[in-house]
Amino acid sequence: MRIAAHAHSGWQPGCFATNMHGFLDCHCHISAADFDKDIDTVIEDSKQAGLLALLAVAEHAGEFDKIIALSKRFPGFVLPCLGVHPVQEVSSDQHRSASLQDLDAALPLIDKYKDQLVAIGEVGLDFTPRYVKSESDKESQREVLIRQARLAKELDLPLNVHSRSAGRPTIQLLKEQGVEKVLLHAFDGKPSVAMEGVKAGYFFSIPPSIVRSEQKQKLVKQLPLENMCLETDSPALGPEKQVRNEPKNIIVAAEYISVVKGVSVEEVMQVTTRNALRLFPKLKSAIKL
């Protein structure tokens, strides 16, 4: 399915914006350098595609100020989430597990901007073998996640969560920490593991890459629509590999879900947006619904 494949559904970009219906991109990296040259066009295209807002997630303290600046440049549309990702980039081809030092660098800025945040994220666990060399790497990631889970509870904010090759350990840790407001983004685990998250009341956001991911397709078949949100993870996880993804491609995920679930794109939009508003309470005032 290509990006324009929604045309037959009767859905037209932006047709829900007038009565405050529309899509919410619950996880994207709009602060990525990929968007530096044409950010205004990317944002305008997103609005034309029926997006009400997008949640801009961070990976490390170095991009916090940029995300806050974008949220001020596009008020009520780019909504900030700050957190420390489980994998930190050392160079373009070298990565390591996050440490408490990474978190210590981030905490003063999170505290500074806490009133503007709609979530803590992107946080989580990533046990991909090329990033995790030892059990101590896993333990370091767990410590960073636990600290951020506690912070989210203190600030009464949801967690925007990454869980690559670590679906079950992530859900287990969050449940142990008593975290109730969770978005598991681009979940790569088995549907049976995802259902453990559903039982805990967690939500799962589905990216446009579902059109080329058998695992995501199986996941959507099993997940109740009431536990789903939409995301793009822009500039990654687009409908086509190696092509920059953009928030406007949210329709690709919605269209695919509608086919799998046998409901209209409009119903997918309404339910996933309602779910996002329930999970991220600060969205309502931010986008003035």
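**Fold, helix H2 and backbone geometry of the predicted model**

Glu-122 lies in strand S6 (residues 119-126), where strands (E, at least two residues) and helices (H or I, at least four) are DSSP runs numbered from the N terminus. The peptide bond from Gly-121 to Glu-122 is cis, with omega near 15°. The structure is a predicted model, in which local features need pLDDT of at least 70, side-chain atom pairs count only at pLDDT 80 or more, and totals for chains, interfaces and linings use all residues. Residues are numbered from 1 along each chain as its sequence is written, and side-chain values use heavy atoms, with hydrogens and water left out.

A second cis peptide bond, with omega about 5°, joins Ser-234 and Pro-235. Pro-235 is found in the loop between strand S10 (228-230) and helix H8 (250-261). The loop between S10 and H8 also holds Asp-233, a residue other than glycine whose phi is positive, near 55°. Asp-233 has a relative accessible area of 8% and is therefore buried (buried means under 20% relative accessible area, exposed over 50%, and partly exposed in between, with a 1.4 Å probe and protein chains only). A positive phi near 55° is likewise found for Asp-156, located in the loop between helix H4 (135-155) and strand S7 (159-164). Asp-156 counts as exposed because its relative accessibility is 55%.

At the level of the whole protein, the secondary structure comprises 10 helices and 10 strands. The radius of gyration is 18 Å, in agreement with the value near 19 Å for a compact globule of 289 residues; this radius is taken over C-alpha atoms, and the globule rule is 2.2 Å times the number of residues to the power 0.38. Along the principal axes, the C-alpha atoms fill a box of roughly 50 × 40 × 35 Å. Of the 289 residues, 56% are buried. Contacts (heavy atoms within 4.5 Å) between residues at least 6 apart in sequence join residues at least 24 apart in 73% of cases.

Helix H2 (residues 64-73) has Phe-64, Ile-67, Ile-68, Leu-70 and Ser-71 as its buried residues. These cover an arc of only 160° around the axis and so lie on the same side of H2, the arc being that of the directions from the helix axis to the C-beta atoms. The cover over the buried residues of H2 includes helix H1 (39-48), strand S2 (51-57), strand S3 (78-82) and helix H3 (100-113).
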